[in-house]
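This report looks at the charged side-chain contacts of one protein model and at the surroundings of the residues that make them. Please consult the sequence and the coordinates alongside the text.

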Amino acid sequence: MTTSEPLLLVMSVVVLLMGIVVTVMLWQSRRRRLLLCRREEIIEREQHEVDRMTEELKTIKSTDIQ
């Protein structure tokens with residue numbers, strides 16, 4: 001075993017670990033972005049439901065007054 005082989009082994013392990021870390025970070029970022037998109041869709045859907053119910057209430061109140 002020459003003196004450069006242990007250094008080469010250490011460098012290979014470091015590069016491999018860095019690749020794993022970057023992959024995990026990208027996966028977490030993608031997952032977080034997907035969760036945010038779903039959350040925004042749910043909020044938008046709920047807001048439409050609230051708007052619809054508000055209009056129904058206005059209609060009911062206006063017919064009760066008359």
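In this predicted model, three salt bridges are counted when a side-chain nitrogen of Lys or Arg has to lie within 4 Å of a carboxyl oxygen of Asp or Glu. The table gives each pair together with the separation of the nitrogen and oxygen atoms.

| Pair | N to O distance |
|---|---|
| Glu49 and Arg52 | 2.5 Å |
| Glu56 and Arg52 | 2.3 Å |
| Lys58 and Glu55 | 3.9 Å |

The spacing of the partners along the chain comes next. Helix α1, which covers residues 4–65, contains both Glu49 and Arg52, and these two residues are three positions apart, or about one turn of the helix. Glu56 and Arg52 also both belong to helix α1, where a spacing of four residues again corresponds to about one turn. For the remaining pair, Lys58 and Glu55 are separated by about one helical turn because they stand three residues apart in helix α1. Through salt bridges that share partners, Glu49, Arg52 and Glu56 are joined into one network.

Are the residues of these bridges buried, partly exposed or exposed? Glu49 has a relative accessibility of 34% and therefore counts as partly exposed, since that class lies between the 20% limit for buried residues and the 50% limit for exposed ones. Arg52, which is bridged to Glu49 and to Glu56, has a relative accessible area of 40% and is likewise partly exposed. Glu56 falls into the partly exposed class with a relative accessible area of 41%, and Glu55, the partner of Lys58, is placed there by its value of 46%.

One further residue of the helix can be described in similar terms. Met53 is part of helix α1, and its relative accessibility of 45% makes Met53 partly exposed. How far apart are the C-alpha atoms of Met53 and Leu17? The two residues are 36 positions apart along the chain, and their C-alpha atoms are separated by 54 Å.

Taken together, the salt bridges of this predicted model comprise a network of Glu49, Arg52 and Glu56, along with the contact between Lys58 and Glu55.

Key
Residues are numbered from 1 along each chain as its sequence is written. This is a predicted model: local features need pLDDT of at least 70, side-chain atom pairs count only at pLDDT 80 or more; totals for chains, interfaces and linings use all residues. Side-chain values use heavy atoms; hydrogens and water are left out. Buried means under 20% relative accessible area, exposed over 50%, partly exposed in between (1.4 Å probe, protein chains only).
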